[in-house]
Amino acid sequence: MEPWRKHFEMFSEDALEDMKTYSDNTHEEREWMCYVYEKDGKYELGSPSLGTESRIEVNPVAKAAQDASKGLTNRMWTIHGHPLKDGKIYTGRQYFSSTDICREYVDSRDNNKYIVQFLVYPHQQIQKDANGRPTGKKVIHNRVRTLVFPDTQTIVSAMRDSNPGVDPYAITPESGQNKQVPDGNGGMTLRNDSGVDWFKFQEALGRYGMMGIMDLEGPAMGAEGITSGQLSIFNGLGALGIIAVLGGLWYANSNKQKIIEVIDDFKSFPEH
């Protein structure tokens, strides 16, 4: 079993339900995050901290104390929730942002440190009936992307594979942080001083078995696999990244089945 999936399957059923609950209010466009703890051999979620649609600030000491009052003390990882933005789903927000992973990349690279992160995000798809036939109805499911930084060698290799013009050892938390810059066409786009495409880096980790996606709603709610051709990556902001509009859609989060379908592991996908 791939490392990313081993970590996902550590979550208790209560933790999976918490992910859905925290993300069901995605229409409020508030990002959330919480710590992931190990308790009795399973992963549990601490209390969520809420931010704006694309920014969140947390006091680690106060947050850990709050979770400790609930019996959660063995802190392991972090989990983020990216909501809708402007009532829409943007492809880029289905990936970890440079803010989410740049410091972790540097920490893992410089210290050979094992780090795991999780991201919950909304995804539009077509509902299927009990026989697996498309109904034509559009629904939004919660999906979870798991990302593993296992060691220096693996992440440096993934960086070289995905960003051949970038020196993996020259990236710093500052130089790898995306900033809004003019795109030359009157709009704005995201770039960083190191020239890293963090989306491609995440996909490259998937080919090492270190990144994958799970559908929290399960196959009965119409989850489908992803091919690389369907993964449109947008570094820009605005309408180019839109893949779904909230109006007319509904959240399919009432399903309580325990089956969670694997929809992607990226192991054999080519660059695109």
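## Overall picture

A residue counts as buried when its relative accessible area is under 20%, as exposed when it is over 50%, and as partly exposed in between. Gly-71 has a relative accessibility of 41%, so it counts as partly exposed. That vocabulary will come up again as we walk through this structure, which is a predicted model.

The protein has six helices and 13 strands. Of its 272 residues, 49% count as buried. Take the contacts between residues at least 6 apart in sequence: 75% of them join residues at least 24 apart.

## Helix 4 and its surroundings

Helix 4 is a good place to begin. It covers residues 98-111, and at 1.5 Å a residue these 14 residues should span 20 Å; the C-alpha atoms at its ends are 19 Å apart, which agrees.

Which residues of helix 4 are buried? They are Ser-98, Asp-100, Ile-101, Cys-102, Tyr-105, Val-106, Ser-108 and Arg-109. For reading such a list, it helps to recall that an α-helix has 3.6 residues a turn, so residues three or four places apart point the same way. The buried residues of helix 4 pack against strand 4 (75-81), strand 6 (115-128) and strand 7 (134-149), and also against helix 5 (152-162) and helix 6 (198-207).

## Where helix 4 meets helix 6

Two packed helices are described by the angle between their axes and the distance between the axes. For helix 4 and helix 6, the axes come within 11 Å and cross at roughly 60°. The crossing of helix 4 past helix 6 is left-handed.

What do the two helices bring to this contact? Helix 4 supplies Ser-98, Ile-101, Cys-102 and Tyr-105, while helix 6 supplies Trp-198, Phe-201 and Gln-202. By type, the residues of this contact divide into five nonpolar, two polar and no charged.

## The turn after helix 4

Most residues other than glycine have a negative phi. Against that background, Asn-112 deserves a look: its phi is positive, about 50°, although it is not a glycine. Asn-112 comes just after helix 4, in the loop between helix 4 and strand 6.

## Two hairpins

Strand 1 (residues 32-39) and strand 2 (residues 42-45) run antiparallel and are joined by four bridges. Within this pairing, Tyr-37 stands opposite Glu-44 in strand 2. The hairpin has two residues between the strands, and Asp-40 takes a positive phi near 55° there. Asp-40 is a residue other than glycine with a positive phi, and its place is in the loop between strand 1 and strand 2. Is Asp-40 buried or exposed? With a relative accessibility of 73%, Asp-40 counts as exposed.

The other hairpin is formed by strand 8 (residues 179-182) and strand 9 (residues 188-191), which run antiparallel and are joined by four bridges. Here Gln-180 has Leu-190 in strand 9 as its bridge partner. Five residues lie between the strands of this hairpin, and Gly-184 takes a positive phi near 90°.

## Around Glu-38 and Gly-71

Glu-38 belongs to strand 1. At 25% relative accessibility, Glu-38 counts as partly exposed. Leaving aside neighbours within four places in sequence, Glu-38 is in contact with Tyr-43, Asn-74 and Met-76. Met-76 is 38 residues away from Glu-38 along the chain, yet their C-alpha atoms are separated by 6.5 Å.

Gly-71, the partly exposed residue from the opening, sits in the loop between helix 3 (60-68) and strand 4. Its C-alpha atom and that of Lys-39 are separated by 8.7 Å, with their positions 32 residues apart along the chain counted as their spacing.

## A buried position in strand 7

Val-148 lies in strand 7. Its relative accessible area is 0%, under the 20% cut-off, so Val-148 is buried.

Which residues does Val-148 touch, leaving aside its neighbours within four places in sequence? The contacts are with Pro-3, Trp-4, His-7, Tyr-114, Ile-115, Val-116, Leu-205 and Met-210. His-7 is 141 residues from Val-148 along the chain, and the C-alpha atoms of the two are separated by 8.8 Å.

Key. Residues numbered from 1 in each chain as written. Predicted model: local features only at pLDDT ≥ 70, side-chain atom pairs only at ≥ 80, totals over all residues. Heavy atoms only, no water. Expected span 1.5 Å × (residues − 1). Buried < 20%, exposed > 50% of the residue type's maximum accessible area, 1.4 Å probe, protein only. Contact = heavy atoms within 4.5 Å. Axes fitted to C-alpha atoms, helices over the stretch in contact; angles between N-to-C directions. Left-handed = near helix turned anticlockwise from the far one by under 90°. Nonpolar A, V, L, I, M, F, W, Y, C, P; charged D, E, K, R; others polar. Pairing = 2+ DSSP bridges.
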